[in-house]
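I sat down with this chain as a newcomer and wanted a written record of what I looked up. The entries below are in the order in which I made them.

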Amino acid sequence: MALPLSILDLAHIGEGETAGDSLRASVTLAQRAEEWGYRRIWYAEHHNMPTIASSATSVLIAHVAAHTTKIRLGAGGVMLPNHSPLTIAEQFGTLESLHPGRIDLGLGRAPGSDQQTMRALRRGPTSADGFPQDVLELQGYLTGESRIPGVDATPGKGTDVPLYILGSSLFGAGLAAALGLPYAFASHFAPNALEEAVALYRRDFKPSRQLDRPYVIAGVNVIAADTTAEAQEQFLATKRNRVGLLLGRGRKFTPEEADGILESPAGRQILQMTTYSAVGTPAEVTDYLDRFAEHAQADELIAVSSAPDRRAWLRSFELLAEARGLPAA
């Protein structure tokens with residue numbers, strides 16, 4: 001039986017686009033994904049990145065939720081050390097109160113930014129050290145069992161918004177196991193520790209009020225097209241774009257220059273980030289996903305598509321839904 005399939009929407013701002021264009025495209029994707037049968041869409045918190053529009057994650061979720069009816073929506077994730085747990089409990093408690101049964105809250109401890117931006121966020125170098133305690137404090141607000149005497153989240157108290165721990169290392173796996181929470185691994189860009197982290201999580205998992213058995217969500221890059229050649233062409237464009245994004249520092253590279261960089265040590269690191277990528281026709285993509293799901297011991301897959309234009313981006317998710325036999329609305 002095919003695993004549940006979800007989407008991570010990076011709210012990418014394409015060349016020549018505005019943030020408004022990107023956010024409108026996110027609404028369109030969510031509406032289509034709802035029709036196509038995807039389980040959920042998550043949005044990730046990033047800051048000071050000119051090509052990503054999902055910095056105010058809860059605001060984006062609220063907007064998309066108001067334009068859809070049933071697909072689950074959430075953060076994948078909120079970088080909790082950037083915020084007070086009470087504030088996040090109030091934000092996601094509000095979302096759950098407005099859209100009951102549709103809201104997820106994935107939590108990460110990375111800054112989602114660079115050092116300068118960390119300072120602008122009033123985040124110190126040791127902010128992440130309190131992540132486990134912050135998760136427990138946040139959980140207390142949402143379950144109505146506050147760990148801070150006399151302080152409740154309103155809205156939030158008793159909404160039981162489900163929490164997910166995000167990670168790309170053994171730390172997140174161990175925390176998710178200890179707290180009995182679902183674990184989402186960022187294998188779509190940080191593949192190295194996938195097998196070890198999932199094994200640790202499944203071995204050490206302790207049942208909780210939220211979850212009685214381990215639940216793993218694994219991220220995977222997907223580019224599906226009508227032909228293999230078209231998909232591979234889009235994948236090459238994606239890798240070239242990453243060269244400019246990660247190494248360009250404001251400079252644009254020609255395709256030939258980008259290809260040369262991809263053959264360098266720095267370029268090989270970019271290629272390594274795309275280790276888990278399903279690229280090809282719908283049949284080729286779904287065959288890859290079956291093998292990847294088994295490799296990752298995943299209970300759910302969350303797909304990221306960095307197809308180079310909006311038409312190809314939407315088409316990739318449409319073809320994937322058809323190939324996986326998702327229950328269309």
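These are my notebook entries on the strands, the peptide bonds, some single residues and the aromatic rings.

**Entry on the model**

I note at the outset that this is a predicted model, and I keep that in mind for each entry that follows.

**Entry on strand β1**

I began with strand β1, which spans residues 5-9, and asked how many of its residues are buried. I found that five of its five residues are buried, and I therefore wrote the strand down as mostly covered, given that buried means under 20% relative accessible area. I then looked at the directions of the side chains, and saw that L5, I7 and D9 point one way from β1, while S6 and L8 point the other way. In a regular strand, side chains alternate between the two faces of the sheet. Both groups in β1 are buried, the one with L5, I7 and D9 as well as the one with S6 and L8.

**Entry on the neighbours of β1**

Which strands pair with β1, and in what sense? I found strand β9, residues 300-304, running parallel to β1 and joined to it by three bridges, and within that pairing I noted L301 of β9 as the bridge partner of L5. I also found strand β2, residues 40-43, which pairs with β1 in the parallel sense over three bridges, and here I7 stands opposite I41. Between β1 and β2 the chain passes through helix α1, residues 19-36, and I recorded this β-α-β crossover as right-handed.

**Entry on positive phi values**

I next looked up two residues that are not glycine and yet have a positive phi, namely A11, with phi near 50 degrees, and N48, with phi of about 60 degrees. A11 lies in the loop between β1 and α1, whereas N48 lies in the loop between β2 and α2, residues 57-66. Are they buried or exposed? A11 has a relative accessible area of 1% and is therefore buried, while N48 has a relative accessible area of 58% and is therefore exposed.

**Entry on cis peptide bonds**

I looked up two cis peptide bonds, and I wanted to know where each of them sits. One joins G76 and G77, with omega about 5 degrees, and I placed G77 in strand β3, residues 72-79. Another joins T154 and P155, with omega about -5 degrees, and I placed P155 in the loop between α5 (131-143) and β5 (163-167).

**Entry on two leucines in helices**

I took L200 in helix α7, residues 194-204, and asked what it is in contact with once its neighbours within four places in sequence are left aside. The answer I wrote down is L170, A173 and G174. For A173 I also noted the C-alpha separation from L200, which is 6.6 Å although the two residues are 27 residues apart along the chain. L200 has a relative accessible area of 16%, so I count it as buried.

I then turned to L236 in helix α8, residues 228-247, which at 31% relative accessibility counts as partly exposed. The C-alpha atoms of L236 and A307 are separated by 9.7 Å, and these residues are 71 residues apart along the chain.

**Entry on aromatic rings**

How many aromatic pairs are there? I recorded eight aromatic pairs. One of them is formed by Y276 and F292, a tilted pair with 5.0 Å centre to centre and 50 degrees between the planes. This pair links distant parts of the chain, with Y276 in the loop between α10 (265-273) and β8 (277-280), and F292 in helix α11, residues 282-296, 16 residues apart. I looked up the accessibility of both, and Y276 at 12% counts as buried, as does F292 with a relative accessible area of 3%.

F292 also forms a pair with Y288, and this one is stacked, with 6.4 Å centre to centre and 10 degrees between the planes. Y288 and F292 are four residues apart in helix α11, and they are therefore separated by about one helical turn. I added that Y288 is buried, with a relative accessible area of 17%.

Elsewhere I noted one aromatic cluster formed by Y183, F185, Y201 and F205.

**Entry on charges over rings**

Last, I looked for arginines over ring faces, and I found R109 lying over the face of F171, at 3.8 Å from the ring centre. I also found R310 over the face of W313, at 4.7 Å from the ring centre.

Key:
Residues are numbered from 1 along each chain as its sequence is written. This is a predicted model: local features need pLDDT of at least 70, side-chain atom pairs count only at pLDDT 80 or more; totals for chains, interfaces and linings use all residues. Side-chain values use heavy atoms; hydrogens and water are left out. Buried means under 20% relative accessible area, exposed over 50%, partly exposed in between (1.4 Å probe, protein chains only). Two strands pair if DSSP finds at least two bridges between them. A crossover is right-handed if, with the strands pointing away from the viewer, the path from the first strand over the helix to the second runs clockwise. Contact means heavy atoms within 4.5 Å. Rings of Phe, Tyr and Trp (its six-membered ring) pair if their centres lie within 6.5 Å; planes under 30 degrees apart count as stacked, over 60 as edge-to-face and the rest as tilted. A charge sits over a ring if NZ of Lys or CZ of Arg is within 6 Å of the ring centre and within 35 degrees of the ring normal.
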